[in-house]
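Happy to walk through a few features of this model with you. Take a look at it first, and then we can talk.

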Amino acid sequence: MFSVLLPRLARTVPVFLLVTVCVFGLTSLLPGDPAAALAGENPTPEQVEEIRRQLGLDRPLWEQYVVWMGKLFQGDLGVSLYNGQPVAQAILGRLPVTLSLALVAMIFTIVVGLLGGILAAARRGGPVDKVTTVLSTIGIATPNFWIGLLLIILFSFTLGWLPAVGYVPPTQGLWPWLSHILLPGIALGAAGAAELLRQTRSSMIDTLGQDYIRTGRAQGLGSAAIFWRRALRNASLPLVTVAAFQLAMLLGGVVIIEKIFSLPGLGSLVIDSVFQKDLPVIQGVVLVNALIVLVLNLITDFVYTLLNPKVRSS
């Protein structure tokens with residue numbers, strides 16, 4: 001197994017280096033001059049140029065990248081241009097909020113997507129199948145921020161069951177934490193759950209039509225044994241990739257969801273940094289998100305290797 005995973009782990013290194021080039025290059029192309037923003041109102045050209053020199057922005061772009069990478073390999077993501085706080089410290093302070101949101105959204109995506117797809121495939125053509133198909137179509141077509149607003153109106157303003165905004169760390173109690181993170185987690189994971197539901201239903205229906213399933217029925221195996229032991233295991237192989245892709249997509253949705261629900265996570269941090277033209281913070285947050293996606297890909301390869309004997313034997 002490790003002989004299969006080690007080459008993929010080795011390929012992650014050049015991918016990471018390419019990611020650093022993209023992150024640094026694209027953030028450097030953002031409109032606006034950080035030096036001019038730091039200089040305040042009505043600065044003189046000399047003041048702006050002096051700030052640019054102090055920040056190293058007067059150097060060629062490749063030289064700035066080399067300096068940035070040198071600090072990065074030392075664990076230094078730089079310092080915020082806005083408040084002087086180390087970028088790593090700012091990210092670590094916000095990361096638990098984003099991870100909490102992603103965790104709830106991930107659980108919602110996997111549970112609803114898999115169970116809904118399995119029930120729809122088991123009751124193909126029935127009322128359950130039709131209802132889940134309609135709901136999955138609505139979930140895919142509806143933006144997550146709109147779902148979030150509807151959840152706030154229904155469960156916060158109308159019913160008063162859950163708070164609309166804010167965040168409480170889990171150290172202050174499991175329910176206070178969950179009550180603040182549940183609605184944004186559902187809003188963030190709704191589209192992924194809908195897509196996973198459709199893929200699960202399609203994969204299960206295709207697997208149930210295979211010859212070995214019909215052979216199992218001819219041998220007298222019960223419906224439950226055929227469905228859970230044979231069909232689900234083989235149908236789960238393509239679903240691993242779909243689920244990993246949906247989980248990676250969650251990171252792109254946290255920006256809007258965190259703003260709607262006033263969550264102090266990485267999404268809110270990067271939005272504030274964009275308006276402040278705080279390039280080190282933007283680069284640090286985007287790089288951390290990219291690393292999380294790379295780790296998810298490695299975990300996906302590991303799970304796929306466990307489920308697929310052909311990969312382990314190759």
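Some questions and answers about salt bridges and one loop residue follow.

Reader: What should I know about the model and its numbering?
Author: This is a predicted model, where local features need pLDDT of at least 70, side-chain atom pairs count only at pLDDT 80 or more, and totals for chains, interfaces and linings use all residues. Side-chain values use heavy atoms, leaving out hydrogens and water, and residues are numbered along each chain as its sequence is written, from 1.

Reader: How many salt bridges does the structure hold?
Author: Good place to start! A salt bridge here is a side-chain nitrogen of Lys or Arg within 4 Å of a carboxyl oxygen of Asp or Glu. By that rule, the count of salt bridges in the structure is 2.

Reader: How many residues apart are Asp129 and Arg201?
Author: Their side chains form a salt bridge at 2.6 Å, N to O. The pair links distant parts of the chain, with Asp129 in helix H6 (residues 127-141) and Arg201 in helix H8 (residues 174-208); helices are DSSP runs of H or I with at least four residues, numbered from the N terminus. The separation of Asp129 and Arg201 is 72 residues.

Reader: Is Asp129 buried or exposed?
Author: Buried means under 20% relative accessible area, exposed over 50%, and partly exposed in between, using a 1.4 Å probe and protein chains only. Asp129 has a relative accessible area of 4%, so the answer is buried.

Reader: Where is Ser262 found?
Author: Its phi is near 55°, a positive value in a residue other than glycine. At 43% relative accessibility, Ser262 is partly exposed. Ser262 sits in the loop between helix H10 (223-260) and helix H11 (266-276).

Definitions and conventions. Helices (H or I, at least four residues) and strands (E, at least two) are DSSP runs, numbered from the N terminus.
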